[in-house]
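Reader: I am new to this structure, and I would like to learn how to read its features step by step.

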Amino acid sequence: MNHAMHKTVIALCRASVCCVGLCLAGMTERARAGDGDPPAPPENTVPENPIRSPGPGPGAAKRVPQVGDSVRITFADGRMIEGALLAQDGAVVQVKVGGATVKVELASGDTIEALETPADRYRSLRAMIPDDDVDRLLALTAWLQRQGMYEQALVEVLHILRVDPTNAEALRQKRVLEPLIEVRSRKGEAVEEEVAPTSGPTATRPGPGEFTLLTSEQINLIKLYEVDLKAPPRLLVKRETIDKLLVRYADNPAIPSSREGRDSFRKLPPAQILDTMFRVQARDLYPEVEVLDNPRSMEYFRDRMHATWIINVMATTRCHGGSESGRLKLFNRRPASEESFYTNFLILDRFVTQDGQRLINYEQPERSLLLQYGLNRSDASSPHPIVEGWQPAFLTRESRRFKQGVEWIRMLYRPRPEYPVKYTPPGEADQAPVIEEPEAAPR
């Protein structure tokens, strides 16, 4: 075969690959519009696209595609194919387009780029919508449903209902989302079965590939230690617990000594009884108090931090949610579930860097590594280490998300308690024994 004929064959092969890819991509788009799509909102209720996602700024570096990314291959003559990157060996790449694997040898002038993921788009969209802009938030939640991001959609819907408690569309979406999340949870993908929380008050050491989550008893204890008695969540203190308090701590001046006083004490609101338990430090009875709602600080953490930039920036598979996450490993599924955001909170609260610094600086919140690491390196007093795939979570210190992080840290209980919870984060399971944190005054 002469040289000219060889070039012709190569060109025909590449054209064939491109046509197959485009065909399969079209089939994929049609399949996405099938019965498996999440329910769309009624006609004429919210706009289809509330805003357009901002592109990278001038001179911004494009992220290097990694296996698993959605990518676009653009040939020198302008033809394109899109799919999931399966493998890359030099100039030879394998991409899954529709249900087929396509092998492409990149030539001079061909490019491959990572496409924006739904999580990336959600993060950029949400950052542009004010917290009180209900119409655009409703459009965002409808888009999240169509992406199958039900937990994130529910977080936003619950936020909308706090802004506008009677909003009919938000109430409708809530009724749709809750069963969808429940069905997904019951189905239990194989990986979800691995990370299910252990029973009993103590989470055991996770095995290889597992992510142990906090138990309901451990979560309840953290809730209890974070209760703000000036604005308490709903509490349940059983009569038998109150009787134990009156008997075991009868010699404390805070406990009424007369029969009439004890009878009146039993009728007090649960928050006042808990206040007495804190004052006499009845820690043996803390596990018997049920905190039915999330304390204000933890609700703020769930809605303003965890379901947004912590899950979508820190806990991605390319950062602290993947196999190469190192000692700081976060759970990156079901962001609205208590098991997920309380576990990640405890990991962040207890994490200490190699040079002895905590991620959260409770005395100077704005200097917290948790926030500084989210800034552009040029703007941070403590820049994030240089690692492939890292992206800033905040544009500047004046960004709304950065300010919300500072506000949240200030909302947490002072002086900081040490939760009596035994837990070893998966990122440190092979490096350290299970740590039993001591209890600290005043709680």
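Reader: What volume does the largest cavity have?

Author: This is a predicted model, in which local features need pLDDT of at least 70 and side-chain atom pairs count only at pLDDT 80 or more, while totals for chains, interfaces and linings use all residues. Residues are numbered from 1 along each chain as its sequence is written, and side-chain values use heavy atoms, with hydrogens and water left out. A cavity is a set of points, on a 1 Å grid over the protein atoms alone, where a 1.4 Å probe fits but cannot get out; its volume is the space filled by probe spheres set on the points, which are joined across faces, edges and corners. Here the largest cavity has a volume of about 150 Å³.

Reader: Which residues lie nearest the centre of the largest cavity?

Author: Lining residues have an atom within 4 Å of a point; of the 15 that line this cavity, M314, H320, Y373, H384 and W390 lie nearest its centre. Helices are DSSP runs (H or I, at least four residues), numbered from the N terminus, and α11 gives the most to this lining, with 3 residues.

Reader: How do helix α8 and helix α9 cross?

Author: Two packed helices are described by the angle between their axes and the distance between the axes. Axes are lines fitted to C-alpha atoms over the stretch in contact (heavy atoms within 4.5 Å), and angles run from 0 to 180 degrees between N-to-C directions. In this case, the axes of α8 (residues 239–248) and α9 (residues 259–266) come within 11 Å and cross at roughly 145°. The contact is made by R239, I242, D243, L245 and L246 of α8, together with R262, F265 and R266 of α9.

Conventions: 1 Å grid on protein atoms, 1.4 Å probe; cavity = no way out; pocket = protein on both sides within 12 Å on 5 of 7 lines; lining within 4 Å. Helix = DSSP H or I, 4+ residues; strand = E, 2+ residues; numbered from the N terminus.
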